[in-house]
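Let us walk through this structure together, step by step. Please keep the sequence and the 3D view open as you read.

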Amino acid sequence: MACIALTRHSNPTLESYLEAMEAWIEGMESYYVNTNQSIPEQPTWKVLADILYASKIYE
């Protein structure tokens, strides 16, 4: 039987999630610079994954 881990989200409502997404996208270049990654020139699936994950916890 598979176990599902329940985690707490900093942005539990759609409104707060989308607001966090907007804020993270506006500042995401800093994330890539601070983590020694190249700044993406084109969106990729990894960039989308980063956006979706960050939106869950970004405040």
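A good place to start is tryptophan 24, which counts as buried because its relative accessibility is 7%; here buried means under 20% relative accessible area, exposed means over 50%, and partly exposed is in between, with a 1.4 Å probe and protein chains only. Before going on, please note that this is a predicted model, in which local features need pLDDT of at least 70 and side-chain atom pairs count only at pLDDT 80 or more, while totals for chains, interfaces and linings use all residues. Residues are numbered from 1 along each chain as its sequence is written, and side-chain values use heavy atoms, with hydrogens and water left out.

What does tryptophan 24 pair with? A search of the whole structure turns up 3 aromatic pairs. In one of them, tryptophan 24 and tyrosine 31 form a tilted pair, 5.4 Å centre to centre with 55° between the planes. Rings of Phe, Tyr and Trp (its six-membered ring) pair if their centres lie within 6.5 Å; planes under 30 degrees apart count as stacked, over 60 as edge-to-face and the rest as tilted. Tyrosine 31 counts as partly exposed, because its relative accessibility is 31%. Tryptophan 24 also pairs with tyrosine 32, this time edge-to-face, at 6.4 Å centre to centre and 70° between the planes. Both tryptophan 24 and tyrosine 32 are buried. Ring pairs thus link Trp24, Tyr31 and Tyr32 into a cluster.

Now for the overall layout. The protein chain has 2 helices and 0 strands; helices (H or I, at least four residues) and strands (E, at least two) are DSSP runs, numbered from the N terminus. Helix α2 covers residues 45-57, and a loop lies between α1 (14-34) and α2. Of the 59 residues in the protein chain, 24% are buried. Among contacts with a separation of 6 or more, 56% are between residues 24 or more positions apart; contact means heavy atoms within 4.5 Å.

Next, look inside. In soluble globular proteins, nonpolar side chains tend to be buried together. Here the largest nonpolar core has 8 residues: Tyr17, Met21, Trp24, Met28, Tyr32, Val47, Ile51 and Ala54. Such a core is a set of buried Ala, Val, Leu, Ile, Met, Phe, Trp, Tyr and Cys residues joined through side-chain atoms within 4.5 Å. Both α1 and α2 supply at least two residues each to this core, and the largest share, 5 residues, comes from α1. Leaving aside neighbours within four places in sequence, methionine 28 is in contact with Val47 and Ile51.

Serine 55 is another residue to find, placed in helix α2. Serine 55 counts as buried because its relative accessibility is 0%. Not counting residues up to four places away in sequence, serine 55 touches Asn11, Tyr17, Ala20 and Met21. Asparagine 11 sits in the segment before α1, and at 9% relative accessibility asparagine 11 counts as buried. With neighbours within four places in sequence left aside, the contacts of asparagine 11 include Ser16, Lys56 and Tyr58.

How many salt bridges does a search of the whole structure find? The search finds 1 salt bridge, a term for a side-chain nitrogen of Lys or Arg within 4 Å of a carboxyl oxygen of Asp or Glu. Aspartate 50 and lysine 46 form a salt bridge in which the closest N and O atoms are 2.9 Å apart. Both partners, aspartate 50 and lysine 46, lie in helix α2, 4 residues apart, about one turn of the helix. Aspartate 50 is buried, with a relative accessible area of 15%, whereas lysine 46 counts as partly exposed at 44% relative accessibility.

Finally, turn to the outside. The accessible surface of the protein chain comes to about 5100 Å², with 59% of that belonging to carbon and sulfur atoms; areas come from the Shrake-Rupley method with a 1.4 Å probe, and for residues only the protein chains shown count as cover. In the loop between α1 and α2 you will find asparagine 36, which is exposed with a relative accessible area of 75%. Most residues other than glycine have a negative phi. Phi of asparagine 36, however, is near 55°, a positive value in a residue other than glycine.
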